[in-house]
Amino acid sequence: RSSDLEYQNLEGECVERLGPISARQKIARQYDDKLKDKFKDFPQIRRISKHRHVPKLIYKQAKEKREMLRARRRKEENVRLHTKPENQPERKAERKKPIVSVLT
């Protein structure tokens with residue numbers, strides 16, 4: 001249980017810059033953390049604190065992958081709609097489908 005909390009702490013701090021920081025930066029960071037703690041229940045602050053920057057390339061690739069999967073699902077649904085009930089392929093959950101390749 002405590003290892004989970006440690007992981008969450010590390011995960012939350014992974015966005016911060018690495019390397020030595022000046023005293024002024026350290027004080028500013030502490031002040032920011034105190035403000036986040038104080039106003040953590042406000043919806044706007046909660047939304048900002050959950051936000052993580054995603055590199056543009058990764059964002060675009062994920063978007064393209066979503067579009068491809070959406071098109072594949074739409075095509076399967078169209079095939080299902082336009083075939084006779086006795087010839088319809090059996091529906092299979094995404095998780096049950098075979099994994100074709102694993103990206104490394």
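Helices here are DSSP runs of H or I with at least four residues, and they are numbered from the N terminus. With that in hand, welcome to this predicted model, whose chain reads α-α-α-α along the sequence. The secondary structure comes to four helices and zero strands. Here is a short tour, from the whole chain down to single contacts.

**Overall surface**
- Of the 104 residues in the chain, 1% are buried.
- The chain exposes about 11,000 Å², and carbon and sulfur atoms supply 55% of that area.

**Positive patch**
- Lys56, Lys60, Lys63, Arg66, Arg70 and Arg74 form a positive patch on the surface.
- One of these residues, Arg66, sits in helix α4, which covers residues 56-81.
- Arg66 has a relative accessible area of 44%, so this residue counts as partly exposed.

**Aromatic pair**
- The structure holds one aromatic pair.
- Its rings belong to Phe39 and Phe42, with centres 5.4 Å apart and planes at 85 degrees, and the pair is therefore edge-to-face.
- Phe39 is partly exposed at 31% relative accessibility, and Phe42 is partly exposed at 44%.

**Salt bridges around Glu77**
- The structure holds five salt bridges, and Glu77 is a good place to begin.
- Glu77 forms a salt bridge with Arg80, where the closest N and O atoms are 2.9 Å apart.
- Both Arg80 and Glu77 lie in helix α4, three residues apart, or about one turn of the helix.
- Arg80 counts as buried because its relative accessibility of 14% falls under the 20% cut-off.
- Glu77, at 30% relative accessibility, counts as partly exposed.
- A salt bridge also joins the side chains of Glu77 and Arg91, at 3.1 Å from N to O.
- This second pair links distant parts of the chain, with Glu77 in helix α4 and Arg91 in the segment after α4, 14 residues apart.
- Arg91 is exposed, with a relative accessible area of 56%.

**Salt bridges around Arg73 and Glu94**
- The side chains of Arg73 and Glu94 meet in a salt bridge at 4.0 Å from N to O.
- That pair links distant parts of the chain as well: Arg73 lies in helix α4 and Glu94 in the segment after α4, 21 residues apart.
- Arg73 is partly exposed at 43% relative accessibility, and Glu94 is partly exposed with a relative accessible area of 43%.

**Network**
- After Arg91 and its bridge to Glu77, there is a network to note: Arg73, Glu76, Glu94 and Lys97 are joined into one by salt bridges that share partners.

Key
Residues numbered from 1 in each chain as written. Predicted model: local features only at pLDDT ≥ 70, side-chain atom pairs only at ≥ 80, totals over all residues. Heavy atoms only, no water. Patch = residues over 30% accessible without salt bridge, like charges linked within 9 Å, V, L, I, M, F, W, Y side chains within 5 Å. Areas by Shrake-Rupley, 256 points an atom, 1.4 Å probe, with all protein chains shown as cover. Lys, Arg positive; Asp, Glu negative; His and termini not counted. Charge placed at Lys NZ, Arg CZ, Asp CG, Glu CD. Helix = DSSP H or I, 4+ residues; strand = E, 2+ residues; numbered from the N terminus. Buried < 20%, exposed > 50% of the residue type's maximum accessible area, 1.4 Å probe, protein only. Phe/Tyr/Trp six-rings, centres within 6.5 Å; stacked < 30°, edge-to-face > 60°.
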